[in-house]
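Trainee: I should like a close account of a single part of this model, followed outward to its surroundings. Please present it as one connected description.

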Amino acid sequence: MNILVTGSSGQVGFELVRSLSVFGEVLAPTRNELDLTNASVVQKYLEHHQPQLIANAAAYTAVDKAESEPELADRLNHLLPKQLADYCLNNRVALIHFSSDYVYPGNGEHAYTENAKVAPLSEYGRSKWAGDRAIMGSSCNHLILRTSWVYSARGNNFMKTMLRLAKQREQLSIVNDQIGTPTPARLLAQVAALATRPLLAHELTGVYHVATQGETNWHQFANAIFEQAQAAGHSLAIKKVDAMSTADYPTAAKRPLNSRLNVEKIEQALNITLPSWQQALQHTLAEYLTSHLMEKKPQP
Ligand SMILES: NC(=O)c1ccc[n+]([C@@H]2O[C@H](COP(=O)([O-])OP(=O)(O)OC[C@H]3O[C@@H](n4cnc5c(N)ncnc54)[C@H](OP(=O)(O)O)[C@@H]3O)[C@@H](O)[C@H]2O)c1
């Protein structure tokens, strides 16, 4: 089986290439090999390679920049998934797609279920919701894994930024009123792999939340990153981490204050228990610190 993974240089895409390789040959074109902004290039690629499963991890993820580039965000987050869904429907193959907590309005203190009312606050959120709607409307065999606060040992993410800053600075101010759950890209790719057989067998379809258990805020998450890194023997300059509110840290895109996702539906469907955000951090941080130390070893 030919499996197309888009966005394979990204956090989730990189992990999917590994986790889906057990099901067949994975095609993982880079941006230079497949320009996803160009619909006719994408069409030709699909016709030529005829993938029998598509995992779409490509996305326009620059949340603030999307406010000034809504058309590009729409192409990648809405029109591309729509095009992939049309291909999947016409060729009777399955589509795995990733969605975001940013489709929800971020109000209240409850964990959103998959059928909660969506009301995105930003261009990024609107483009992601348009993509979800297009896939659901196409009635192709699909799985939409909706997640939050993705991080990984690779790529650009909060954990790596915090570790870099904590080496350089003694004091940082971090937002403490956005509540959610950080989710490792590897966990998402593992869940996607577990869901693949039931998806291909038409036993699993629709939208599912995938995130870690519990809840935290960015300030608390940063402190946990620093504590765990220091406990692992990593030396950091950081001495003081101040808490600040979202209102004191203006950004181009509005962020949801509540990003809690209820994950019971996927746990029941796959008979799994998702880890706590602390356990997941321990694994991801250990992976990052190990690879980082290895990268830094002097060449013989
Ligand atoms: N990051 C989060 O916190 C978060 C939270 C919730 C949901 N999600 C969703 O999870 C999924 C995966 O996110 P991620 O964090 O893995 O994203 P990421 O690390 O930013 O990766 C995005 C991928 O898309 C590719 N891409 C972007 N524009 C492209 C273009 N014009 N042509 C070809 N490739 C292009 C990138 O390629 P280059 O490397 O060449 O740029 C990269 O491989 C996305 O659907 C995202 O919306 C993410």
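Mentor: A residue is called exposed when its relative accessible area is over 50%, buried when that area is under 20%, and partly exposed in between. The model discussed here is predicted. I shall take strand β5 as the part to examine and apply these terms to it.

Strand β5 spans residues 141-147, and seven of its seven residues are buried, so the strand is largely enclosed by the rest of the structure. In a regular strand, side chains alternate between the two faces of the sheet. In β5, N141, L143, L145 and T147 point one way, while H142, I144 and R146 point the other way. Both sets are buried, and they include charged and polar residues such as R146 and N141.

Two neighbouring strands pair with β5. Strand β4 (94-100) runs parallel to β5 and is joined to it by seven bridges; within this pairing, F98 has L145 of β5 as its bridge partner. Strand β10, residues 206-209, is also parallel to β5, and four bridges connect the two. There, L143 stands opposite G206. The connection to β4 has a handedness as well: β4, α4 and β5 form a right-handed β-α-β unit.

Two parts of that unit lead to the ligand. β4 and α4 (123-138), together with α1 (11-19), each supply at least two residues of the shell around the ligand. The largest share, three residues, comes from β4. In total, 24 residues surround the ligand, and S9, R31, T61, Y124 and K128 are the closest. By class, this shell holds 11 nonpolar, 10 polar and three charged residues. Several polar approaches can be listed. A polar side-chain atom of T61 lies 2.7 Å from an oxygen atom of the ligand. From the backbone, an N or O atom of V150 is 3.0 Å from a ligand oxygen, and a polar atom of A59 is 3.3 Å from a ligand oxygen. The ligand exposes 900 Å² when taken alone, and the protein buries 81% of that area.

Beyond β5 in sequence comes helix α5, residues 158-168, whose buried residues are F158, M159, M162, L163, L165 and A166. N157 caps the N-terminal end of this helix, with a side-chain oxygen 3.2 Å from the backbone nitrogen of M159. N157 can be set against H202, which belongs to the loop between α6 (185-200) and β10. The two are 45 residues apart in sequence, and their C-alpha atoms are 34 Å apart in space. H202 counts as exposed because its relative accessibility is 61%.

The loop that leads into β4 offers a further contrast with the buried strand. R92 lies between α3 (70-91) and β4. Its relative accessible area is 80%, so R92 is exposed. The phi angle of R92 is near 50 degrees, a positive value in a residue other than glycine. Q50, in the loop between α2 (39-49) and β3 (53-56), likewise has a positive phi, near 45 degrees, and is not glycine. With a relative accessibility of 40%, however, Q50 counts as partly exposed.

To return to the starting point, β5 is a strand of seven buried residues, paired in parallel with β4 and with β10.

Note on methods. Residues numbered from 1 in each chain as written. Predicted model: local features only at pLDDT ≥ 70, side-chain atom pairs only at ≥ 80, totals over all residues. Heavy atoms only, no water. Near = heavy atom within 4 Å. Polar contact = N/O pair within 3.5 Å; in protein donor to acceptor, adjacent residues only side chain to side chain. Areas by Shrake-Rupley, 256 points an atom, 1.4 Å probe, with all protein chains shown as cover. Buried < 20%, exposed > 50% of the residue type's maximum accessible area, 1.4 Å probe, protein only. Pairing = 2+ DSSP bridges. Right-handed = clockwise from strand over helix to strand, strands pointing away.
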